[in-house]
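Reader: Could you take me through this structure? I should like to begin with how the chains meet and then turn to the DNA.

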Protein chains: 2
Amino acid sequence: MALRHAVLAALLDGDLSGYQLAKEFDLGVANFWHAQPQQLYAELTRLEKNGLIAGREVIQETRPNKRLFQVTDAGLAELEEFTAASAKPSFIRDDLLVKVQAADHVDTEALIAQLSERATFAQAKVDLFGKLLRSMRQDRTEEEFLRHGDRIGPYLTCLRGLAFEQGNRDWCEHAITVLRERQQAHVRH
Amino acid sequence: MALRHAVLAALLDGDLSGYQLAKEFDLGVANFWHAQPQQLYAELTRLEKNGLIAGREVIQETRPNKRLFQVTDAGLAELEEFTAASAKPSFIRDDLLVKVQAADHVDTEALIAQLSERATFAQAKVDLFGKLLRSMRQDRTEEEFLRHGDRIGPYLTCLRGLAFEQGNRDWCEHAITVLRERQQAHVRH
DNA sequence: CCGCTCATGTAACAGGTTACATGATTTA
DNA sequence: TAAATCATGTAACCTGTTACATGAGCGG
């Protein structure tokens, strides 16, 4: 099971409801995992049944009631075991790269449109991750924070997310430049 | 369907058998997709049934016979349509990042072991992609090749793969350094 | 003769996505 | 009063992984 451990890791920084967790999976957690809300509700139910998390009902007056979950000792042990086991390498799996692979056989304009859409999206994530990093380290420098901060896990994963999206953006822009130049060279013939 | 288009894109550079395709998916194609051989055989069958690829039996004397597949006009049209449709953004989904997220709650030594294993793996991929790029551009410079080469799609995706693995390697090494330094700071107390 | 490469699959299962469903409250 | 947010799920379907199965030739 895969999502299982991502959820446990996400719950380490405070008790969350399914709804809040879903939000997390769209923001911070998106650096290392992604999941639909439906998947999360199902996984939370399973984790609680297995005793890896404990839920408690929170009665709200103005909002619907919710259930907050926290990682149990058994959950921590599970994470520990998971960390010790060797991870299989992860692969890129991206529709956009498939399209670029076919570059010389498909419409260039359509491809450029896709690339610039992605570049914009990547830049937005770069901005977001930058903000998240700043809010985590507060007034400290990055070096200072990484040396003495007491919760560096999320910071490190956010750094990877940032670099990944910068890589996406730069690569998209480079590919666009290359395709445009070839277009012009072709026109001159 | 997702694998579908990855297979079509991979077959653009020459007719391949299921077996050869599986090899491709472990090397070059690994820049943008990954798949088990079983999945590929199943997908090839489906694609042929839908008329997007055409297979022909090749009788071999010393080896078992094989079926080579090539993309049909309908297959090219499908790729064209796929390229024009907007791609949903891709996400990182990586066990290793989940482990790092939990960094402050799990055994540091185990984590460092995972990180250095991954760094080694990433470096191997960097070397491999470097070789692939050189063999694609032959004696030309990268700029020259990208301007005038007649098949730049695979080159561009390989560049992304290269940058991605460099990013992985650098990030792993950085994380290891940070964790080691904190370990020592902790010991001094 | 043992293990690797070539060559192709089936079957069972685990994991992930999409569509559908409900209902209250707050904000524009 | 319409749309967004809070809050939680079920069901059907599609995709991907793991285990199993077969068989010939080649290299050490």
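Author: What follows goes through the chain contact, the salt bridges, the DNA surface and one loop residue.

Reader: Before that, what kind of model is it, and how are things numbered?

Author: This is a predicted model, in which local features need pLDDT of at least 70 and side-chain atom pairs count only at pLDDT 80 or more, while totals for chains, interfaces and linings use all residues. Residues are numbered from 1 along each chain as its sequence is written, chains are lettered from A and ligands numbered from 1 in the order in which they are written, and side-chain values use heavy atoms, with hydrogens and water left out.

Reader: How many residues does each chain bring to the contact?

Author: Chain A contributes 70 residues and chain B contributes 70 residues, where contact means heavy atoms within 4.5 Å. Between them the two chains bury about 6,900 Å², with 62% of that on carbon and sulfur atoms. Buried area here is the accessible area (1.4 Å probe) that two parts lose on being put together, summed over both.

Reader: How many residue pairs are in polar contact between chain A and chain B?

Author: There are 42 such pairs, both residues being at pLDDT 80 or more. A polar contact is a pair of N or O atoms within 3.5 Å; within protein, one must be able to donate a hydrogen and the other to accept it, and residues adjacent in sequence count only if both atoms are side-chain atoms.

Reader: Which element gives the largest share of the chain A side?

Author: H8(A) does, with 16 residues. Helices (H or I, at least four residues) and strands (E, at least two) are DSSP runs, numbered from the N terminus. By class, this side of chain A has 35 nonpolar, 16 polar and 19 charged residues. Ala, Val, Leu, Ile, Met, Phe, Trp, Tyr, Cys and Pro count as nonpolar, Asp, Glu, Lys and Arg as charged, and the others, Gly among them, as polar.

Reader: How many salt bridges are there between chain A and chain B?

Author: The count between the two chains is 4, and over all chains it is 25. A salt bridge is a side-chain nitrogen of Lys or Arg within 4 Å of a carboxyl oxygen of Asp or Glu. Side chains of opposite charge can pair when their charged atoms come close.

Reader: What does Glu181(A) pair with?

Author: Glu181(A) meets Arg147(B) in a salt bridge, at 3.4 Å from N to O. This pair joins two chains, because Glu181(A) lies in helix H8 of chain A and Arg147(B) in helix H7 (residues 142–148) of chain B. Glu181(A) is partly exposed at 34% relative accessibility, and Arg147(B) is partly exposed at 36%. Buried means under 20% relative accessible area, exposed over 50%, and partly exposed in between (1.4 Å probe, protein chains only).

Reader: Which residues form a network through shared partners?

Author: Asp13(A), Arg151(A), Asp104(B) and Arg182(B) are joined into one network by salt bridges that share partners. Within it, Arg151(A) and Asp104(B) have their closest N and O atoms 2.5 Å apart. Arg151(A) also forms a salt bridge with Asp13(A), at 2.5 Å from N to O. Since Asp13(A) is in the loop between H1 and H2 of chain A and Arg151(A) is in the loop between H7 and H8 of chain A, the pair ties together parts that are 138 residues apart in sequence.

Reader: Is Arg151(A) buried or exposed?

Author: Arg151(A) is buried, with a relative accessible area of 14%. Asp13(A), at 43%, counts as partly exposed.

Reader: Turning to the DNA, which residues come nearest to strand D?

Author: Of the 23 residues around DNA strand D, the nearest are Tyr19(A), Lys23(A), Gln60(A), Met1(B) and Gln38(B). A residue is near a strand if one of its heavy atoms lies within 4 Å of it. The residues of this surface divide into 7 nonpolar, 9 polar and 7 charged, and H2(A) gives the largest share, 3 residues.

Reader: Which parts of the DNA are reached?

Author: Of the strand D atoms within 4 Å of the protein, 74% belong to sugar or phosphate and the rest to bases. A polar side-chain atom of Gln38(B) lies 2.9 Å from a base nitrogen of strand D. For Gln36(B), a polar side-chain atom is 3.1 Å from a phosphate oxygen of strand D. Arg67(A) has a polar backbone atom 3.0 Å from a phosphate oxygen of that strand.

Reader: Lastly, where is Ala35(B)?

Author: Ala35(B) is in the loop between helix H2 (18–24) and helix H3 (37–49) of chain B. Ala35(B) counts as buried because its relative accessibility is 4%. Apart from neighbours within four places in sequence, Ala35(B) is in contact with Leu3(B), Phe25(B) and Leu40(B).
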